[in-house]
Amino acid sequence: MYLSSVLSVLAGFFTVHVLQKLCFPYFWRDLFFLLKVIKYGAKLEVFKLTSRVVTVLDRFIQQAQRIPDKPFLLYEGSTYTYRDIEERSNKIANVFLERGNLKKGDSVALLMSNEPDFVCVWFGLTKLGCSVAFLNTNIKSRSLLHCFNCCGAKTLIVGADLVECLKDISASLQEDSIQIWALVSQSDHTDIHPLLDHIAAASIQPVPAALRAVTVLKTPTLYIFTSGTTGLPKAAVITHLQTLKGAGGFWAFGGTEEDVVYIPLPLYHSAASLIGIGGTIEMGATCVLKKKFSASQFWNDCRKYNVTIFQYIGELCRYLCNQPKGVQDKVHKVRMGVGNGLRQDIWCDFQNRFGEIRMCEIYGSTEGNLCFMNHIGKIGAVGRSNFFYKVLFKYDLVQYDMVKDEPVKDERGFCQRVKKGETGLLLSKVGATSPFFGYAGSKQLTEKKLMRNVFVKGDAYFNTGDLMAENQEDFICFKDRVGDTFRWKGENVATTEVTETLGLVDFIQEANVYGVEIPGNEGRAGMAAIIVRPGHSFDSKKLFDHVLRDLPAYARPLFIRLQVRNTKPTFKQQKFHLVQSGFNPATISEPLYFLDYTQKCYIPLTDSIYQSILAGERKL
């Protein structure tokens with residue numbers, strides 16, 4: 001009797017186990033991952049209740065006391081310990097406390113390439129209670145001036161290699177009473193103050209902890225710039241809540257203090273700064289910081305520094321796959337990649353060639369209030385949802401009309417949810433657990449990113465601008481980007497900014513900027529359909545010089561399409577058809593041009609050039 005009861009119980013457990021494997025194959029992995037997320041979130045809730053926030057900087061200082069001699073940053077052959085970065089950031093804090101006229105709550109702009117002093121300046125300013133605005137080193141003078149205005153910075157700190165970038169705008173900065181400091185020993189410009197000698201002479205003693213103390217998680221600490229639909233970059237407000245969430249990314253995926261993290265992405269983006277640097281600090285690990293990504297040096301660096309985790313964007317992995325094959329392709333200790341934008345075909349090629357590296361996709365915008373994490377490692381998915389996740393985070397996919405470029409509404413004016421497996425616009429509900437902090441300097445821009453009265457009167461959702469699909473297994477897949485931006489070379493391109501810049505060319509009457517897909521490349525390349533002003537002619541050399549001077553490399557239109565005025569379709573309908581028609585000279589009767597850096601002008605796009613682009617023989 002006893003034996004039969006035991007057998008019955010075992011049979012029952014076995015049946016339940018089989019059913020779980022068949023019907024809910026990811027149940028336990030989902031549950032354990034969620035428990036980690038809840039554990040980390042509970043820590044943040046304690047901060048709220050106690051009004052004593054342990055920030056990412058506080059966590060760094062704790063680590064510097066716990067493991068002072070452990071390498072924190074490895075950069076171009078030099079090692080910087082936790083103690084080194086702590087003491088140098090103290091020196092920088094003391095310099096600005098004494099000489100920079102900075103006080104708690106001030107905003108300071110930082111224009112620097114990837115280097116250890118980027119982190120030291122960032123931390124030094126944060127120790128004074130200042131908010132730091134990370135400026136994209138690619139942006140040009142007009143956008144740079146705008147960035148100061150919207151984040152309210154009255155002080156700029158610039159890296160030694162970027163001082164020349166200020167020559168066209170230094171007078172304007174002076175007119176706005178913006179103080180400029182450069183990480184140099186001496187300056188040829190009277191309006192730029194050298195900083196290195198002051199740092200060398202400063203004390204390594206910490207400034208008063210009260211200056212950096214934070215009692216509210218939603219206190220702004222950074223401004224990170226994203227593409228702006230108004231034509232200029234928008235300063236996304238980054239609070240301590242967001243920096244702490246970002247810092248938990250590696251840990252959530254299974255990272256430990258034994259890991260060595262490779263960061264080849266620019267620190268002015270949230271991926272490298274919040275997830276990369278912040279995540280390294282949270283684990284108490286070591287990171288290898290690259291000034292700039294190099295496909296030819298990547299694996300040699302990984303072997304040299306015993307890298308175990310690397311950060312990526314999809315384009316980076318494609319570059320690695322395009323490198324010549326070698327016998328050491330699988331000779332490394334890399335076990336995990338964390339990033340976004342990895343195409344399914346590149347994902348498979350990458351793992352086949354370089355080994356079964358666990359690729360962990362993360363989906364989320366800098367300013368967004370929603371994050372998906374593909375903790376399962378499902379190829380082609382940007383994230384994973386499940387019953388538990390949907391209870392905690394409210395999001396929806398709604399029907400979207402690609403021709404009209406707007407969500408589909410019912411007779412009552414409400415959005416309509418898509419069915420499982422269908423593509424829809426991703427919206428994330430704004431609430432206490434998922435706040436949207438918006439953009440600095442413009443309530444209008446913040447409001448424009450929200451959709452109200454989506455399903456009921458009075459609700460509010462963050463509009464991601466991304467078309468997604470959720471399959472039957474609850475994996476989330478990215479499909480396309482809608483609206484006034486597209487992504488190219490790992491950067492968001494604002495079509496309105498490019499349109500306004502092209503509109504300054506004397507022979508251009510109208511410009512319609514959009515992105516086109518190029519097989520084998522992530523994102524979309526820029527293309528502009530232009531109408532030449534009456535009495536003028538198209539000047540390919542003048543246009544080349546103009547975009548080279550006024551637009552960052554990733555935003556320059558690779559293709560130009562000359563059009564005659566067509567008043568029949570609406571602007572949005574015309575853009576949809578332009579995107580669909582692509583850039584094939586065999587199917588487009590209108591003149592097409594290609595951006596050629598060797599000839600330093602836009603050249604006619606012939607069929608042979610078109611085929612060479614498709615074959616990957618031309619540098620884009």
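Let's start with strands β10 and β11: residues 260-263 and residues 286-289 run parallel and are joined by four bridges. If you want one register point to hang on to, take I263 in β10, whose bridge partner in β11 is L289. Keep in mind that this is a predicted model.

Now zoom out from that pair. β10 and β11 belong to an open sheet of eight strands, and the order across it reads β2-β1-β11-β10-β12-β13-β14-β15, with mixed pairing. The edges are β2 (78-81) and β15 (372-373), each of which pairs on one side only. Helix α5, residues 116-127, packs on this sheet and touches β1 (71-75), β2 and β11. Its direction makes about 135° with that of β1.

Back to β10 for a moment, since it also takes part in an aromatic pair. Y262 lies in that strand and F298 in helix α12 (residues 298-305), so their pairing ties together parts that are 36 residues apart in sequence. What is the geometry of the rings of Y262 and F298? Their centres are 5.1 Å apart and their planes sit at 80°; that is over the 60 degrees used as the cut-off, so the pair counts as edge-to-face. A search of the whole structure turns up 37 aromatic pairs.

Next, a helix-helix contact. The axes of α2 (residues 27-50) and α9 (residues 240-247) come within 11 Å and cross at roughly 155°. Angles over 145 degrees count as roughly antiparallel, so that is the label for α2 and α9. The crossing of these two helices is right-handed. On the α2 side, the residues involved are Y40, L44 and F47, and they meet L241, L244, K245 and A247 in α9. Sort the residues of this contact by type and you get six nonpolar, no polar and one charged. The charged one is K245, because Lys counts as charged.

Finally, head further along the chain to another open sheet, this one with five strands. Its order is simply β26-β27-β28-β29-β30, again with mixed pairing. β26 (508-516) and β30 (601-604) are the edge strands, each pairing on one side only. From one strand to the next, the twist averages 30°. Inside the sheet, β28 (residues 559-563) and β29 (residues 592-596) pair in the antiparallel sense over three bridges. Here the register point is I560, with Y593 in β29 as its bridge partner. This sheet has a helix packed on it as well: α17, residues 495-502, touches β26 and β27 (525-532). The direction of α17 makes about 150° with that of β26.

How values were computed
Residues are numbered from 1 along each chain as its sequence is written. This is a predicted model: local features need pLDDT of at least 70, side-chain atom pairs count only at pLDDT 80 or more; totals for chains, interfaces and linings use all residues. Side-chain values use heavy atoms; hydrogens and water are left out. Two strands pair if DSSP finds at least two bridges between them. Contact means heavy atoms within 4.5 Å. Axes are lines fitted to C-alpha atoms, for helices over the stretch in contact, and angles run from 0 to 180 degrees between N-to-C directions. Angles under 35 degrees count as roughly parallel, over 145 as roughly antiparallel, 65 to 115 as roughly perpendicular and the rest as oblique. A crossing is left-handed if the near helix is turned anticlockwise from the far one by less than a right angle, and right-handed if clockwise. Rings of Phe, Tyr and Trp (its six-membered ring) pair if their centres lie within 6.5 Å; planes under 30 degrees apart count as stacked, over 60 as edge-to-face and the rest as tilted.
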